[in-house]
Amino acid sequence: MFALQGRVEVRKNGIWGTICNDNTDEKEYDSNQYVDDRAAEVICRQMGWTVGRLVEMSIVPDGTQQIWMDNLNCADWPSTKTHVEQCDHANKDTNGQSGHGHWQWGTIGDCNHAKDIGVGCDAQTTDSEANAYPGIRII
């Protein structure tokens, strides 16, 4: 159990939405898996926590609104990123081809809310920059 745990939501244009991940198996990691503990660390760090882990989708409540992102990929480990905008995610590029790119909001075709990601965060920081970005939350 984590101090803070639940579904991750990001806000765009005043609308909250989820991050989908249809390439994750939390129990059996493979090289095709995008969202993992690296992304969880970045999400938690952005909200002022120092430890972040992906939690099983089965314990994350499904979202009901917009799905903003798919397969968030924060590739480096240990990650030095501080905000999810610094990570790639699956989108449709300008030629209509699927792939990983930068911050295309809401272009999700193969996801549903049963695949919403959740994280667990621990060890809250007292860093003055913590919680400075209000566009992310855990439900």
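**Exercise 1. Find out which parts of the chain the salt bridge between E9 and R137 ties together.**

Start with the contact itself: in this predicted model, E9 and R137 bring their side chains together in a salt bridge, with 2.7 Å from N to O. Next, look up where each partner sits. E9 belongs to strand β1 and R137 to strand β8, so the pair ties together parts that are 128 residues apart in sequence.

Now check how open each residue is. E9 has a relative accessible area of 6%, so it falls under the 20% limit for buried. R137, at 29%, counts as partly exposed. One last step: through shared partners, salt bridges join R7, E9 and R137 into one network.

**Exercise 2. Work out which acidic residues pair with R53 in salt bridges.**

Take D37 to begin with. Its closest approach to R53, N to O, is 4.0 Å, and that makes a salt bridge. D37 is in helix α1 and R53 in strand β3, 16 residues apart.

Then try E41. Its side chain meets that of R53 in a salt bridge at 2.3 Å, N to O. Here too helix α1 and strand β3 are involved, so the pair ties together parts 12 residues apart in sequence.

Compare the surroundings: E41 is buried at 10% relative accessible area, while D37 is partly exposed at 29% and R53 is partly exposed at 30%. If you search the whole structure, you'll get four salt bridges.

**Exercise 3. D116 is buried: find what its side chain has for polar company.**

First, place it: D116 lies in the loop between β6 (98-101) and β7. Second, look for a salt bridge. There's none, as the nearest side chain of opposite charge, R7, is 4.6 Å away, and the cut-off is 4 Å.

Third, look for other polar partners. The side chain of T18 makes a polar contact of 2.8 Å with that of D116. The backbone nitrogen of G63 is also 2.8 Å from a polar atom of the D116 side chain. Among the other residues D116 touches are I19, C20, M57 and V60.

**Exercise 4. Identify which residues touch the most other members of the largest nonpolar core.**

The core has 22 residues, and the ones to pick are I43, L72 and V119. Among the elements giving two or more residues are β1 (4-12), β3 (49-55) and β7 (118-124); α1 gives the most, with five.

Finally, zoom in on V119: its contacts include L4, V8, A40, I43, L54 and I138.

Technical notes: Residues are numbered from 1 along each chain as its sequence is written. This is a predicted model: local features need pLDDT of at least 70, side-chain atom pairs count only at pLDDT 80 or more; totals for chains, interfaces and linings use all residues. Side-chain values use heavy atoms; hydrogens and water are left out. A nonpolar core is a set of buried Ala, Val, Leu, Ile, Met, Phe, Trp, Tyr and Cys residues joined through side-chain atoms within 4.5 Å. Buried means under 20% relative accessible area, exposed over 50%, partly exposed in between (1.4 Å probe, protein chains only). Helices (H or I, at least four residues) and strands (E, at least two) are DSSP runs, numbered from the N terminus. Contact means heavy atoms within 4.5 Å. Lys and Arg count as positive and Asp and Glu as negative; His and the chain ends are not counted. A polar contact is a pair of N or O atoms within 3.5 Å; within protein, one must be able to donate a hydrogen and the other to accept it, and residues adjacent in sequence count only if both atoms are side-chain atoms. Lists of a residue's contacts leave out its neighbours within four places in sequence.
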